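Subject: Structure for you to look at

Hello,

Here is the structure I said I would pass on. Please open it first, then read the notes underneath with the model in view.

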Amino acid sequence: MNEVNSAWRPVASFTCIATTMYGRATPWHDSLTAVIAPRMASHDDLAAFHSDAYLSHFELVSREGEDADLPESQQYGLGYDCPVMEGVFEYAAAVAGATLTAAEGLRNGVCDVALNWAGGWHHAKKDEASGFCYVNDVVLGILKLREQFQRVLYIDFDLHHGDGVEDAFSFTPKVVTLSFHKFSPGFFPGTGDIAEVGLGRGRFYSINVPLSDGIADEKYVDICHSVLQAVNTTFLPEAVVCQFGADTLAGDPMCSFNLTPKGLGQCLQIVLGWQKPTLLLGGGGYHLANTARCWTYLTALVLDQVLASEIPEHQFFPEYGPDYVLEVTPGCRSDTNNPAHLDQVLAEIRENLKHMA
Ligand SMILES: CN(c1ccc(C(=O)NO)cc1)S(=O)(=O)c1ccc(-c2ccccn2)s1
Ligand SMILES: [Zn+2]
């Protein structure tokens, strides 16, 4: 999530894209695409996951703006990482509404793939804002898909562990949460060790792939491919939700992984190859030009379009210097991921999958 600029004003200008392409004679060539003006999430929409107490307090401080200094705000995670500014509730409702609009298109069979790059707020809890996330649109989107689909697979490609989504579904076998993320002492949110497998009837339906700094495309795609294929053939999801936070990219201020959009694109193509209703969401990404490059590239992959390397002239063209091309060049960071350790991670995940009913 890109920290909300304090000067920001609520503009529900989010769009989501829906495209149909599966199950057609030439699935990739006659895909129909629509850019949809999404609805705002209502209080009831948000209450499908969040507590009324949290939502009421969130709406109150949003009306009061920066001057709100209520003692309860701290218990609701409002302030610090999730600053309060006037209209922030409407901003969150617009983000969640766009994810719900996209999920409803998939639930109703209107489209096969739906995208909301403004969504992916994977840290928010039932009654607490966290990690720049005020509402958990990912959980709301999954709940919407569950109205139609028995089994939903959530895949989190963000640099950070998708703790809010994992917590929401840790007790159910109907939703598998699979998160690839940096796991290191003191690194936010601090959860996401491989030993976190879910609880009760949901045991073995939470899957975590802890990674270390410096991982680049080849090794990342390799472990993603192995885990994704194993999870898909075991869990047999009927719908898929992907969070593509771009803070894993080379050059991101988080200064952790060394991926490029091409590597994330290979992961996306594995998922699209399953030809299941798929919801794509954004997330983190703090090198804004590279994040835009990444989500543009991934959108083009969904639409089977090949984009020119040259960034076209537009309002924000200067942001794309000094090269002004679509590609992101990997950095020269050393990869601290030990191949033997990754093999051990994969082996443990395969062992855990044997317990999936
Ligand atoms: C609140 N934090 C989060 C939470 C969530 C994310 C995220 O992207 N989640 O997907 C990133 C940072 S945090 O404490 O790790 C940080 C706040 C500001 C940070 C920062 C700011 C500038 C450069 C590098 N890091 S990290
Ligand atoms: Zn992140």
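The residues of the lining of the largest cavity divide into six nonpolar, three polar and no charged. Please keep in mind that this is a predicted model.

The cavity

The lining consists of I194, V197, F204, S206, I207, N208, I349, N352 and L353. Two elements, β6 (206–211) and α9 (339–353), each supply at least two of these lining residues. The volume of the largest cavity is about 60 Å³. A search of the whole structure finds one cavity of 30 Å³ or more. As background, rolling a probe the size of a water molecule over the atoms shows where empty space is left.

Helix α4

How many of the nine residues of helix α4 are buried? Eight are, so the helix, which covers residues 137–145, is largely enclosed by the rest of the structure. The buried residues are D137, V138, V139, L140, G141, I142, K144 and L145. At the N-terminal end of α4, N136 acts as a cap, with a side-chain oxygen 3.2 Å from the backbone nitrogen of V138.

R146 lies in the loop between α4 and β4 (152–156). With a relative accessibility of 26%, R146 counts as partly exposed, because buried means under 20% and exposed over 50%. R146 and S256 are 110 residues apart along the chain, and their C-alpha atoms are separated by 34 Å.

Aromatic rings

A pair of aromatic rings is described by the distance of the centres and the angle of the planes. There are 14 aromatic pairs in the structure. One of them is formed by W117 and W295, which are stacked at 5.5 Å centre to centre, with 5° between the planes. This pair links distant parts of the chain: W117 is in the loop between β3 (113–116) and α4, while W295 is in helix α8 (residues 288–302), 178 residues apart.

Are these two tryptophans buried or exposed? W117 is buried, at a relative accessible area of 16%, and W295 also counts as buried, at 12%.

Elsewhere, ring pairs join Y54, F58, Y76, F89, Y91, W121 and Y134 into a cluster. A charged side chain also meets a ring: K182 lies over the face of F187, 4.4 Å from the ring centre.

Regards

Conventions: Residues are numbered from 1 along each chain as its sequence is written. Chains are lettered from A and ligands numbered from 1 in the order in which they are written. This is a predicted model: local features need pLDDT of at least 70, side-chain atom pairs count only at pLDDT 80 or more; totals for chains, interfaces and linings use all residues. Side-chain values use heavy atoms; hydrogens and water are left out. Buried means under 20% relative accessible area, exposed over 50%, partly exposed in between (1.4 Å probe, protein chains only). Helices (H or I, at least four residues) and strands (E, at least two) are DSSP runs, numbered from the N terminus. A polar contact is a pair of N or O atoms within 3.5 Å; within protein, one must be able to donate a hydrogen and the other to accept it, and residues adjacent in sequence count only if both atoms are side-chain atoms. On a 1 Å grid over the protein atoms alone, a cavity is a set of points where a 1.4 Å probe fits but cannot get out, and a pocket is an open set with protein on both sides within 12 Å along at least five of seven lines; lining residues have an atom within 4 Å of a point. Grid points are joined across faces, edges and corners, and a volume is the space filled by probe spheres set on the points. Ala, Val, Leu, Ile, Met, Phe, Trp, Tyr, Cys and Pro count as nonpolar, Asp, Glu, Lys and Arg as charged, and the others, Gly among them, as polar. Rings of Phe, Tyr and Trp (its six-membered ring) pair if their centres lie within 6.5 Å; planes under 30 degrees apart count as stacked, over 60 as edge-to-face and the rest as tilted. A charge sits over a ring if NZ of Lys or CZ of Arg is within 6 Å of the ring centre and within 35 degrees of the ring normal.
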